Amino acid sequence: MKYLYFKQDGTLWIKAKSPAADLVAEYPNPIAVEDDYDTMIDDASIVVDDGMPSARREKTRSEIESELSYATKRKAEYPPVTDYIDGVVKGDQSQIDAYVAACQAVKAKYPKPV
């Protein structure tokens, strides 16, 4: 996974390999995407000379969000499964219930399309 941080105007600012609290403070709500996700797009509005490669630009936050599937969005927000396993090993039902509740909240936030 890589994490994309955006300026307030929706332009991509930073790509990171892991979530970083200091970045989240300045650029809230990063988007998690697969490592091979291409953040570039061909931009027909930019005129280039003949023989030159097509112009490309970074996608905006809204363009990226519209491309991500509900499954990708869920994957990025689910709590770590180790939280669940830890609760099972310790016999801590409240920890297990908290894990299940967190998963259900993610499912409600990103419902499966019908």
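Buried means under 20% relative accessible area, exposed means over 50%, and partly exposed is in between (1.4 Å probe, protein chains only). The model is predicted: local features need pLDDT of at least 70, side-chain atom pairs count only at pLDDT 80 or more, and totals for chains, interfaces and linings use all residues. Residues are numbered from 1 along each chain as its sequence is written, and side-chain values use heavy atoms, with hydrogens and water left out.

**Exercise 1. The sheet**

Work out the strand order of the open sheet, and explain why β2 and β3 each have one side without a neighbour.

Step 1. Fix the terms. Helices (H or I, at least four residues) and strands (E, at least two) are DSSP runs, numbered from the N terminus. Two strands pair if DSSP finds at least two bridges between them.

Step 2. Read the order. The open sheet has 3 strands, arranged β2-β1-β3, and the pairing is antiparallel.

Step 3. Look at the edges. β2 (12-16) and β3 (31-33) each have a single partner strand, so one side of each lacks a neighbour in the sheet.

Step 4. Add the twist. From one strand to the next, the twist averages 25 degrees. Axes here are lines fitted to C-alpha atoms, for helices over the stretch in contact, and angles run from 0 to 180 degrees between N-to-C directions.

Step 5. Zoom in on one pair. Strand β1 (residues 2-6) is joined to β2 by 4 bridges. Y3 stands opposite A16 in β2. The hairpin of β1 and β2 has 5 residues between the strands, and there G10 takes a positive phi near 90 degrees.

**Exercise 2. The aromatic pairs**

Find the aromatic pairs and classify the geometry and burial of each.

Step 1. Set the cut-offs. Rings of Phe, Tyr and Trp (its six-membered ring) pair if their centres lie within 6.5 Å; planes under 30 degrees apart count as stacked, over 60 as edge-to-face and the rest as tilted.

Step 2. Count. There are 2 aromatic pairs in the structure.

Step 3. Take W13 and Y27. Their ring centres are 6.3 Å apart and their planes stand at 40 degrees, so the pair is tilted. W13 lies in strand β2 and Y27 in the loop between α1 (21-26) and β3, so the pair ties together parts 14 residues apart in sequence. W13 is partly exposed at 44% relative accessibility, while Y27 is buried at 11%.

Step 4. Take Y84 and Y99. The ring centres lie 5.4 Å apart with planes at 45 degrees, so this pair is tilted. Y84 belongs to helix α4 (residues 81-90) and Y99 to helix α5 (residues 93-109), so the pair links parts 15 residues apart in sequence. Y84 is partly exposed at 33%; Y99 is buried at 15%.

**Exercise 3. A buried threonine**

Decide whether T39 is buried or exposed, then list its polar contacts and its other contacts.

Step 1. Place the residue. T39 lies in the loop between β3 and β4 (40-42).

Step 2. Check accessibility. T39 has 3% relative accessibility, so it counts as buried.

Step 3. Find the polar contacts. A polar contact is a pair of N or O atoms within 3.5 Å; within protein, one must be able to donate a hydrogen and the other to accept it, and residues adjacent in sequence count only if both atoms are side-chain atoms. The side chain of T39 has such a contact with the side chain of K15, at 3.0 Å. Another joins it to the side chain of E58, at 2.8 Å.

Step 4. List the touching residues. Contact means heavy atoms within 4.5 Å. Not counting residues up to four places away in sequence, T39 touches L4, L12, K15, R57, E58 and K59.

**Exercise 4. The nonpolar cores**

Name the residues of the largest nonpolar core.

Step 1. Define the core. It is a set of buried Ala, Val, Leu, Ile, Met, Phe, Trp, Tyr and Cys residues joined through side-chain atoms within 4.5 Å.

Step 2. List the members. The largest core has 8 residues: L4, F6, L12, I31, V33, Y37, I64 and L68. β1 and β3 are the elements that give two or more residues to this core.

Step 3. Follow one member. Leaving aside neighbours within four places in sequence, I64 is in contact with L4, F6, I31, V33, Y37 and K59.

Step 4. Look for another core. One of 7 residues lies apart from the largest, and includes Y3, A16, L23 and Y27.
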